[in-house]
Each structure stands twice: as structure tokens, then as C-alpha cells.
Amino acid sequence: MALAVLLADYQRVPGGLCASPSCGRPYLDLGGGSPRRYCSARCATRERVAAHRSRAASGVR
Ligand SMILES: [Zn+2]
């Protein structure tokens with residue numbers, strides 16, 4: 001059941017919007033690889049660094 005929902009979802013949206021708030025560009029997910037959240041490796045790296053910085057600023061234990 002969940003698989004059918006996933007397949008329908010993928011057919012409707014062959015890609016997505018970049019998860020980076022400062023980017024937000026649509027990207028195409030051509031499949032075959034791991035699921036993507038960002039339009040490019042540059043965005044993925046930037047968001048990873050930003051998340052790391054915000055964690056450090058708020059004081060992670
Ligand atoms: Zn992006």
C-alpha cells in the first residue's frame with residue numbers, strides 16, 4: 001500500500017524543490033541513485049554546514 005502511494009507520488013512529481021531555503025529551485029530527480037533533497041551537491045554541502053553551525057551555536061551536548 002505504502003509502495004503504491006510512493007509510486008504515485010513519484011509519477012506526479014519527478015523531482016522536487018531544493019530543501020535549501022536560500023535556494024528553493026526545482027530539480028529533476030532522474031532516479032537510480034539515493035533520494036535527493038537538494039538541487040546540487042553545493043546546496044547539500046551548504047545546508048549541512050549551516051545545520052552544523054546552528055547546532056554548535058545553540059550548544060549541543
Ligand atoms: Zn539548491
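How many helices and strands does the secondary structure of the chain come to? Color by secondary structure and count along: two helices and two strands. Starting at the N terminus, you'll meet them in the order α-β-β-α. Keep in mind as you click around that this is a predicted model.

**Stop 1: the whole chain**

Turn on the surface for a moment. The chain has about 5200 Å² of accessible surface, and carbon and sulfur atoms account for 60% of that. Of its 61 residues, 13% count as buried. If you like contact maps, take the contacts between residues at least 6 apart in sequence: 14% of those join residues at least 24 apart.

**Stop 2: the zinc ion**

Now select the zinc ion and show the side chains of Cys-18, Cys-23, Cys-39 and Cys-43. Their SG atoms are the protein donors, 2.3 to 2.4 Å from the metal. Along the chain, the donors are spaced C-x4-C-x15-C-x3-C. What arrangement do the four donor atoms make around the zinc ion? Check the angles in your viewer: they run from 107 to 116 degrees, so the arrangement is tetrahedral.

Next, compare two of these cysteines. Cys-18 counts as buried because its relative accessibility is 6%, under the 20% cut-off. Cys-23, with a relative accessible area of 24%, is partly exposed.

**Stop 3: the nonpolar core**

Keep Cys-18, Cys-39 and Cys-43 on screen and add Tyr-27 and Tyr-38. Together these five residues form the largest nonpolar core. As a rule, nonpolar side chains in soluble globular proteins tend to be buried together. Then center on Cys-43 and look for partners beyond four places away in sequence: Cys-18, Ser-20, Cys-23 and Tyr-38 all touch Cys-43.

**Stop 4: helix α2**

Select residues 41-58, which is helix α2. The helix has 18 residues and reaches 26 Å from first C-alpha to last, close to the 26 Å expected at 1.5 Å a residue. While you're here, pick out Glu-47, which is found in α2. Is Glu-47 buried or exposed? Its relative accessible area is 16%, so Glu-47 is buried. Leaving aside residues up to four places away in sequence, Glu-47 touches Ser-20, Pro-21, Ser-22 and Tyr-38. Notice that Tyr-38 and Ser-20 were also on the list of residues that Cys-43 touches.

Slide along to Gly-59, just after α2, where the phi angle is positive at about 85 degrees.

**Stop 5: the loop before α2**

Finish at Asp-29, in the loop between β2 (26-28) and α2. Asp-29 has a relative accessible area of 23%, so this residue is partly exposed. Draw a distance from its C-alpha to that of Cys-39: you should get 8.8 Å, for two residues 10 apart in sequence. Cys-39 brings you back to the zinc ion, as one of its donors.

Methods. Residues numbered from 1 in each chain as written. Predicted model: local features only at pLDDT ≥ 70, side-chain atom pairs only at ≥ 80, totals over all residues. Heavy atoms only, no water. Donors = N, O, S within 2.8 Å, 3.2 Å for Na, K, Ca; no water. Tetrahedral: all angles 85-135°; square planar, octahedral: opposite > 155°, others 65-115°. Buried < 20%, exposed > 50% of the residue type's maximum accessible area, 1.4 Å probe, protein only. Core = buried A, V, L, I, M, F, W, Y, C linked by side-chain atoms within 4.5 Å. Contact = heavy atoms within 4.5 Å. Helix = DSSP H or I, 4+ residues; strand = E, 2+ residues; numbered from the N terminus. Expected span 1.5 Å × (residues − 1). Areas by Shrake-Rupley, 256 points an atom, 1.4 Å probe, with all protein chains shown as cover.
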